[in-house]
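I opened this notebook to keep track of what I looked up about charged pairs, strands and surface charge in the structure below.

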Amino acid sequence: MARDVVRSVKGTRDFYPEEMGARIWLYEKMRQVSESFGYSEFEGPMLETYELYIAKSSQEIVEKQSFVFEDRGGDKLTLRPELTPTLARMVAARQPQLTFPLRWWSFGPFWRYERPQKGRTREFFQWNIDLLGDDSPEADAELIAIAASFLKEVGLTSGEVRILVNNRELMDKHLATFDIAPEMRGEVFNLIDRRDKMSEESWQEYAAELGLTPKQTGQVIDLIGNQELWRQSDSLVKMFAALEAYGISDYVSFAPQIIRGLVYYTGTVFEAWDTSGEYRAIFGGGRYDNLVGDVGGDPVGGVGFAVGDLIITLILQQYGRLPEFGKTPSAVFFTLFDQSLLQESLKLANSLRQAGIKVTSQLTPSKLGKQFKYADRIGAKFAIVVGPDEAANNTVTIKNLATGEQTELPQGELVNNLKALGG
RNA sequence: GUGGAUGUAGCUCAAUGGCAGAGCGCCGCACUGUGGAUGCGGUGGUUGAGGGUUCGAUCCCCUUCAUCCACCCCA
């Protein structure tokens, strides 16, 4: 490197305007879907106490993957690695005055101290959406419907992505009938979760290490191979029935091997996967019934999910569904012929802005050719020229940068003309 | 935390133990009231950093830093 530019922090991303365009696009899709289901936007602090996450997130996330540090007063702080504990805390703090069921969504930055790789950075953005205070299977169905609507909205088909659903209570009930002790079931959940992520051999070893008998291991394999298992769960039966109403059933499948890593999930759990199998889960969520109580509030159940911006963007790129983003928001470039026409050019440009047209102005004189080149580069559609001839006649020249076509017209007709052209 | 790969011009990449190159970009000119196309000319580098071997290292060796990829975990 010839230039010794100060480096950015490992695992962070710079959003140059092109990337910012994609981020805003994604954010707008999330807002649109959230609001269409009646959810309100909220935001919490990015800094939380370390205590908030202990025993609520997965141990790995709290102990190894969080940015934890002491402030100047010696208090232990954490850059939030996820939103749900913050949500629970905020709900608990104002529980008596909030109206339930509560429907909230949020989009913001999160941090995890991990080795960056494809689709994973240390600073990332997440869309979180949660419904609290309704414990029905229909509430679970609403969140899954929202997830599916979002996938549909960004242009992904049910052939490309699929939401896999399971229920932890259902699985727990069956593990009990296999004589697996309650304190072991968390580990067995973990085992189930890794069924598709490990080789058969090492999975069997893992099962043996946990102390499962060959018979029990066999029962677990049969269990997670049973695609009709959901019929034994009243909750899942009702949930799938409700999903029919949304017309997105083709996006949703039952999958008994879906468990999820976070310890606070208590009932329905779900993950969206790219069906090509090239990527890991696109997003995940589920029902958590104890979280608000755990942070000091009255027990109120919730269901929600989180979508990371990186993976969804990767998938959208893979399928070519991410739109191109122009470099400038203005379609009109106002040239400056020479210094003597500065006042007139700036005034005219500003009268366009007052009429609601977005205009970029040339501020220092240079060759017109260079100005057109610049206008083209920044993505403007029209260039406007006021030279000595136009100034003398109170006219302007509009040049269509795509076709090269030029028209001279009275200054008074400029606004309407540009609007007619779509400027 | 574990393992693998890669660092050469603004970008994408060549090359050789012996003068470091191309394409794209950028700047200029042809064309001082017209951009994209074309032609011509020009700008471009302590070969990531430090050390070692060598007459000589961008190349071989060691160290270090950075990036990427996979595992782990997860969004």
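I began with a network of salt bridges, which links Glu-28, Arg-31, Glu-35 and Glu-41. I keep in mind throughout that the model is a predicted one.

**Entry 1: salt bridges.** Within that network I looked up the pair Arg-31 and Glu-35, which form a salt bridge whose closest N and O atoms are 3.0 Å apart. Both residues lie in helix H1 (residues 17-36), and because they are four residues apart there, about one helical turn separates them. I then checked their exposure: Arg-31 is partly exposed at a relative accessible area of 24%, and Glu-35 is also partly exposed, with a relative accessibility of 44%.

I next asked myself which parts of the chain are linked by the salt bridge between the side chains of Arg-321 and Glu-160. The N to O distance in this salt bridge between Arg-321 and Glu-160 is 2.9 Å. The pair links distant parts of the chain, since Arg-321 sits in the loop between helix H11 (309-318) and strand E12 (332-334), while Glu-160 sits in the loop between helix H4 (137-153) and strand E7 (161-167), 161 residues apart. Arg-321 counts as partly exposed with 28% relative accessibility, whereas Glu-160, at 12%, counts as buried.

A further pair I noted is Glu-228 and Arg-231, whose side chains meet in a salt bridge with an N to O distance of 2.6 Å. Here Glu-228 is partly exposed at 42% relative accessibility, and Arg-231 is exposed, having a relative accessible area of 54%. For the whole model I recorded a count of 18 salt bridges.

**Entry 2: the open sheet.** I turned to the strands and found an open sheet of eight strands with mixed pairing, in the order E1-E5-E6-E11-E10-E9-E7-E8. Which strands stand at its edges? They are strand E1 (40-41) and strand E8 (252-254), and each has a single partner strand, so one side of each is left without a neighbour in the sheet.

Inside this order I looked more closely at E7 and strand E9 (residues 268-274), which run antiparallel and are joined by seven bridges. One of the positions I checked there is Val-161, which stands opposite Asp-274 in E9.

**Entry 3: strand E14 and its partners.** I then followed strand E14 (residues 382-385), where Phe-382 and Ile-384 point one way and Ala-383 and Val-385 the other way. Are these side chains buried or exposed? All of them are buried, whichever way they point.

Strand E14 pairs with E12 in the parallel sense over three bridges, and in that pairing I noted Ala-383 of E14 as the bridge partner of Phe-333. With strand E15 (residues 395-400), E14 pairs in the antiparallel sense over four bridges, and there the bridge partner of Val-385 is Thr-397 in E15.

**Entry 4: surface charge.** My last search was for charge at the surface, and I asked which residues form a positive surface patch. The patch is formed by Lys-327, Lys-367, Lys-370, Lys-373 and Arg-377. Of these I also placed Lys-373, which is found in helix H13 (residues 368-377).

Definitions and conventions
Residues are numbered from 1 along each chain as its sequence is written. Chains are lettered from A and ligands numbered from 1 in the order in which they are written. This is a predicted model: local features need pLDDT of at least 70, side-chain atom pairs count only at pLDDT 80 or more; totals for chains, interfaces and linings use all residues. Side-chain values use heavy atoms; hydrogens and water are left out. Patches are made of residues with over 30% relative accessible area and no salt bridge: like charges are joined within 9 Å, nonpolar side chains (Val, Leu, Ile, Met, Phe, Trp, Tyr) within 5 Å. Accessible areas come from the Shrake-Rupley method with a 1.4 Å probe; for residues, only the protein chains shown count as cover. A salt bridge is a side-chain nitrogen of Lys or Arg within 4 Å of a carboxyl oxygen of Asp or Glu. Lys and Arg count as positive and Asp and Glu as negative; His and the chain ends are not counted. The place of a charge is taken as NZ of Lys, CZ of Arg, CG of Asp or CD of Glu. Helices (H or I, at least four residues) and strands (E, at least two) are DSSP runs, numbered from the N terminus. Buried means under 20% relative accessible area, exposed over 50%, partly exposed in between (1.4 Å probe, protein chains only). Two strands pair if DSSP finds at least two bridges between them.
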